[in-house]
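Visitor: I would like a close look at one part of this model. Please take me through the sheet and the parts that sit around it.

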Amino acid sequence: MKNKVVIITGAGSGIGEATALLFAKEGAKVVVSDINDETGEEVVKRIEKAGGTASFFKADVASAAENKALVDFSIKTYGQLDVAVNNAGIGGEANKIADMTLEGWHRVIDVNLHSVFYGMKYQIEAMLKNGQGSIVNISSILGSVGFEGSAGYVAAKHALNGMTRTAALEYSGQGIRINSVGPAFIDTPLLDQLDDEIKKQLISLHPIGRLGRSKEVAELILWLGSDKASFATGSYYPIDGGYLAR
Ligand code: NAP
């Protein structure tokens with residue numbers, strides 16, 4: 001990763017934070033982006049304290065203009081863009097379809113799906129100028145199976161996988177690899193809204209007997225972003241403690 005320039009969205013917390021720390025440790029220049037400037041700035045401080053290079057850029061991924069500004073910032077600050085990790089996402093409204101509000105539906109599609117289209121649109125434009133790049137879109141196991149009470153989230157993550165495959169068909173021949181990663185339930189602040197009983201039930205869905213850790217997902221994202229994954233494109237990579245094996 002030495003001297004590679006990486007954008008990571010939602011990098012102030014959870015999987016994005018672990019990914020930012022790992023890429024920086026491997027020598028990348030990391031553009032830490034989040035809607036929350038406090039946590040984002042904190043991640044930059046931790047990277048710099050450890051001797052790495054990073055800058056914070058505040059962006060709401062649900063905005064096309066802010067996705068463009070994020071890519072422009074990366075080029076202006078570090079001269080290029082090599083890897084983009086479209087990670088920011090929300091759990092969204094937890095309701096069955098008949099009870100789901102229209103606002104709840106639109107919000108989760110905006111933040112978890114439209115965001116990835118906007119991100120890739122501007123990231124690919126920049127990478128084409130470089131003649132190379134790698135994009136890793138963060139999906140979920142719920143990109144391949146359903147989950148009661150989360151229709152919007154599930155729809156967004158399924159669609160993200162289809163969009164990833166299509167983007168790979170369109171751009172793999174021009175040096176840009178594009179993949180998605182499908183974590184099972186990972187112990188991050190995203191799960192804070194769940195009570196202990198529900199967390200226990202979730203654990204039981206993972207044959208490995210526990211929730212995942214952000215660092216474990218970050219290792220897969222790092223590999224996909226790196227040249228070690230030079231033949232990997234157009235695929236969906238679950239990382240799930242056996243969840244999907246049932
Ligand atoms: P997290 O700990 O909640 O971190 C997500 C980060 O994204 C937070 O800093 C959040 O800021 C930020 N964010 C929220 N909305 C945003 C927006 N509109 N624009 C920019 N940033 C925004 O979540 P996580 O668990 O690491 O999840 C990261 C990704 O992994 C998501 O795409 C999620 O769907 C996926 N994933 C997570 C799990 C899991 O079990 N944790 C499983 C499968 C897939 P605030 O804190 O201020 O909202």
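Guide: What follows is a walk through the sheet, then its helices, the ligand and two single residues.

The model is a predicted one. Its sheet is open and has seven strands, in the order E3-E2-E1-E4-E5-E6-E7, with parallel pairing. In general, the strands of a sheet pair through backbone hydrogen bonds, and the pairing can be parallel or antiparallel. At the edges stand E3, residues 53-58, and E7, residues 236-239. Each of these two has a single partner strand, so one side of each has no neighbour in the sheet. On average, neighbouring strands are turned by 20° against each other, with direction ignored.

Start with E1, which covers residues 5-8. In a regular strand, side chains alternate between the two faces of the sheet. In E1, Val5 and Ile7 are on one side, while Val6 and Ile8 are on the other. All four are buried, and both faces of E1 are thus covered.

E1 runs parallel to E2, and four bridges join the two. In this pairing isoleucine 8 stands opposite valine 32 of E2. Between E1 and E2 the chain passes through helix H1, residues 14-25, in a β-α-β crossover that is right-handed. E1 is also parallel to E4, with three bridges between them. Here valine 6 of E1 faces valine 83 of E4.

Now move outwards from E2, which spans residues 29-34. E2 pairs with E3 in the parallel sense, over six bridges. Valine 32 appears again here, with phenylalanine 56 in E3 as its bridge partner. Helix H3, residues 64-78, packs on this part of the sheet and touches E1, E2 and E3. The direction of H3 makes about 150° with that of E3.

Further along the sheet, helix H4, residues 102-130, lies across three strands. These are E4 (83-86), E5 (133-138) and E6 (176-183). H4 runs at about 170° to E5.

Next comes the ligand, which is surrounded by 28 residues. The closest are Ser13, Asp34, Asn87, Tyr153 and Thr188. In serine 13, an N or O atom of the side chain is 2.7 Å from an oxygen atom of the ligand. Threonine 188 has a polar side-chain atom 2.5 Å from a ligand oxygen. Aspartate 60 has a polar side-chain atom too, and that atom lies 2.8 Å from a nitrogen of the ligand.

Aspartate 60 leads back to helix H3, through glutamate 66, which lies in that helix. A polar atom of the glutamate 66 side chain is 2.6 Å from the backbone nitrogen of aspartate 60. Apart from neighbours within four places in sequence, glutamate 66 is in contact with Phe57, Ala59 and Asp60. Is glutamate 66 buried, partly exposed or exposed? Its relative accessible area is 32%, so it counts as partly exposed; the class lies between the cut-offs of 20% and 50%. Glutamate 197 is 131 residues away from glutamate 66 along the chain, and their C-alpha atoms are separated by 38 Å.

Last is asparagine 3, in the segment before E1. Asparagine 3 has a phi near 70°, which is a positive value in a residue other than glycine. With a relative accessible area of 45%, asparagine 3 is partly exposed.

Key
Residues numbered from 1 in each chain as written. Predicted model: local features only at pLDDT ≥ 70, side-chain atom pairs only at ≥ 80, totals over all residues. Heavy atoms only, no water. Pairing = 2+ DSSP bridges. Axes fitted to C-alpha atoms, helices over the stretch in contact; angles between N-to-C directions. Contact = heavy atoms within 4.5 Å. Buried < 20%, exposed > 50% of the residue type's maximum accessible area, 1.4 Å probe, protein only. Right-handed = clockwise from strand over helix to strand, strands pointing away. Near = heavy atom within 4 Å. Polar contact = N/O pair within 3.5 Å; in protein donor to acceptor, adjacent residues only side chain to side chain.
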